[in-house]
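Hi everyone, thanks for coming. Let's put the structure up and walk through a few spots together.

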Amino acid sequence: MKKIGTQSIETKCLLLRPFLESDAQAMYDNWASRPDNLLHVTWDAHESPEVTKQSIARWVENYQNMDFYKWGICLKENPDSVIGDISVVDMDEAVNSCEVGYILSKDYWGQGLMTEALKAVLNYLLQDAGFNRVTARFVTANPASGRVMAKAGMSYEGTFRQAVFHKGQVKDFSVYGILTSDLEKG
């Protein structure tokens, strides 16, 4: 694994880039303040733009760490407005693997944008950063997230029944994964 940190990535429709402190209002408006957008993530809606500003300030500081990977997702035509984020949420250096998590503003669901972002980040992590394995997980109440993972080239690895406490309930979650060798096959 090479510690190369968060570098901007361009895709057909998107610019994935490090967060800036000036992204706070767009993040707050587009997803962080919207409970209906956060049904399947581990955190609750931000009570004010100040909470969002504090989160982004921590991320901006963490960009100095070359093993910190977090991208704001922007449409190429509007690179100053974040519409989601994708990041490494866990890392295991012993087996050279990481787990990614992501969120996209509900206003942009169903357009293939999250799949496009995930594919780009998987390539970056496996080819450029040198991870051997990348996983992602979702609560099974959100099958659309699993479809994103499959479309991005990840393989279903299993479902953990009643294995996570999420939003006040015990729920099932499923895991998808991809190896560097899977990219070579595709």
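So, Asn96: buried or exposed? With a relative accessibility of 19%, Asn96 counts as buried, because the cut-off for buried is under 20%. And keep in mind that this is a predicted model. You'll find Asn96 in the loop between β4 (82-92) and β5 (97-104). Now look at its backbone: phi of Asn96 is positive, about 55 degrees, even though Asn96 isn't a glycine. That's worth a pause, because most residues other than glycine have a negative phi.

There's another one like that. Lys167 isn't a glycine either, and its phi is positive too, near 50 degrees. Lys167 sits in the loop between β7 (155-166) and β8 (169-179). Lys167 is partly exposed, at 36% relative accessible area.

Okay, on to a helix. α2 covers residues 49-62, so that's 14 residues. At 1.5 Å a residue we'd expect a span of 20 Å, and the end C-alpha atoms of α2 are indeed 20 Å apart, so the two agree.

Which residues of α2 are buried? They're Thr52, Ser55, Ile56 and Trp59. Looking down the axis of α2, the buried residues fall within an arc of 95 degrees, so they line one face of the helix. Here's the background: an α-helix has 3.6 residues a turn, so residues three or four places apart point the same way.

And what covers those buried residues of α2? The cover includes α1 (24-32), β3 (70-75) and β4. Flip to the face of α2 turned away from the buried side, and you'll see the exposed residues Arg58 and Glu61.

Conventions:
Residues numbered from 1 in each chain as written. Predicted model: local features only at pLDDT ≥ 70, side-chain atom pairs only at ≥ 80, totals over all residues. Heavy atoms only, no water. Helix = DSSP H or I, 4+ residues; strand = E, 2+ residues; numbered from the N terminus. Buried < 20%, exposed > 50% of the residue type's maximum accessible area, 1.4 Å probe, protein only. Expected span 1.5 Å × (residues − 1). Arc of directions from axis to C-beta. Contact = heavy atoms within 4.5 Å.
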